[in-house]
Amino acid sequence: MTESAAAPEAVLNSPAKAVATFRARFGAAPRLFQAPGRINIIGEHTDYCGGLAMPAAIDRWCRIAAAANRTRRLTVVAEGFDEPAELDLDSLTPLGAWSDYVAGVAKVLMDAGIDVPGADLMIESTVPIGAGVSSSAAVEVATAHALLALAGRSADGLSIARWGQKAENDFVGMPCGIMDQYASANGIEGSALVLDCARLTSTPAPLPANASFLLVDSGVRHAHVDGAYRDRRADCETAAKILGVDLLAEAPEAELAKALTRLPPGPAKRCRHVVTETARVRRAADALARGDLAALGALMNQSHASLRDDMEVSVPEVDQLAQIARETPGVFGARMMGGGFGGCIIALADRDEAAEAQAAIGERYGAVLGKAPAAFVCRAVSGAGEVTL
């Protein structure tokens, strides 16, 4: 993550420079595609349980320049990685490398009957890795747009989100829900989305003009594939099975206390989080509709406590950072964001006080971290698509 709060678009090469760089390397004129990262205002660890979430696409982008190369290979170069990846379309297998996110999408598209051509791909991104803002989903969604276009095909945002999720679940090995890919593919300028993860439908939740969302990086990196995230999802599935529901979020909030007595301790905690978190999303949507930022901030604080105590996916550094943010003037509420075990917090701040809040949080947490934490204020943007040259 860059430590500047400057407009993230300025970090990407201009489209003209991206085309020139690609042409110099591959000898062809590319098309450009981009997909945004995302924040999640509230509704964490609910997507794979069929609950509600409130994501928004943000102004941090993964961009891919792409051109067909008349082979059966994908040659992929990525900013920040020294060696290109050479991927044989006829024998794609996971390598445990960054290129798996590209290869996985290619395989899923081919399995869906799409004739993916060999191509040269050049990736650059301002979506920070490991910070909980869905850098992997941005790569997947941008890759899907690029490969579909080169194949002469198109698809709606839901299909692209499903393909991205399938690539991450089945190829990369990360049992994520669909929220990240959905938000990246379907974001709406100036709005969050109230996403029903069971029905895969969403409604816009316009953001008040005086609301700003501030992301601050704890400096703790996470790696979900290696077990902890998988264990939490397994607990949710166990709880759903015992309660006799297909998806855990279907358990009624009014019957939660009774349901918890039927569950072992771990699954009971996960169940309490999922059911109450889904209810918080509904209340958050109402708060946004009223423009009540204090109420939304209080719900975000409750969400963090539930993620810390019931889902058990926070870490001490993130807890401390969220508390510092809550104590900062101009901040209505703050919580951990993403799958957990590190990454960013998200703080809801008054727009006119966001810059001062960022500086104050950075100063206090920087004393803990030993350096200024990376932080930026973000805005809600439209979802993925082709960049007009």
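Reader: How many helices and strands does the protein have?

Author: In this predicted model, the protein has 11 helices and 13 strands.

Reader: How is the radius of gyration to be read against the globule rule?

Author: The rule gives a value for a chain of a stated number of residues, and the model's value is set beside it. Here the radius of gyration is 21 Å, close to the 21 Å that the rule gives for 389 residues, so the protein is as compact as a globular protein of that length. Along its principal axes, the C-alpha trace spans about 60 × 50 × 35 Å.

Reader: What part of the protein counts as buried, and what supplies the exposed area?

Author: A residue is called buried when its relative accessible area is under 20%. By that cut-off, 59% of the 389 residues count as buried. The protein exposes about 15,300 Å², and carbon and sulfur atoms supply 50% of this area.

Reader: What share of the contacts joins residues at least 24 apart?

Author: The count takes contacts between residues at least 6 apart in sequence, and 73% of these join residues at least 24 apart.

Reader: In what order do the strands of the open sheet lie, and which are the edge strands?

Author: An edge strand pairs on one side only. The four strands of this sheet run in the order β10-β11-β9-β12, with antiparallel pairing. Its edges are β10 (331-336) and β12 (375-378). From one strand to the next, the twist averages 20°.

Reader: How many bridges join β10 to β11?

Author: Five bridges join β10 to strand β11 (residues 344-350), in the antiparallel sense. At residue level, alanine 334 has alanine 347 of β11 as its bridge partner.

Reader: Which strands do helices α9 and α11 meet?

Author: Each helix can be described by the strands it meets and by an angle to one of them. Helix α9 (residues 293-309) packs on the sheet and touches β9 (211-217), β10 and β11. The direction of α9 makes about 25° with that of β10. Helix α11 (residues 354-369) lies across β9, β10, β11 and β12, and runs at about 20° to β9.

Reader: Which residues of strand β5 form its covered face, and which its uncovered one?

Author: In β5 (residues 85-88), Ala85 and Leu87 make up the covered face, whereas Glu86 and Asp88 make up the uncovered one. Strand β4 (residues 73-78) pairs with β5 over four bridges in the antiparallel sense. Leucine 87, on the covered face of β5, stands opposite leucine 74.

Key: Residues are numbered from 1 along each chain as its sequence is written. This is a predicted model: local features need pLDDT of at least 70, side-chain atom pairs count only at pLDDT 80 or more; totals for chains, interfaces and linings use all residues. Side-chain values use heavy atoms; hydrogens and water are left out. Two strands pair if DSSP finds at least two bridges between them. Helices (H or I, at least four residues) and strands (E, at least two) are DSSP runs, numbered from the N terminus. Axes are lines fitted to C-alpha atoms, for helices over the stretch in contact, and angles run from 0 to 180 degrees between N-to-C directions. Contact means heavy atoms within 4.5 Å. The radius of gyration is taken over C-alpha atoms; the globule rule is 2.2 Å times the number of residues to the power 0.38. Buried means under 20% relative accessible area, exposed over 50%, partly exposed in between (1.4 Å probe, protein chains only). Accessible areas come from the Shrake-Rupley method with a 1.4 Å probe; for residues, only the protein chains shown count as cover.
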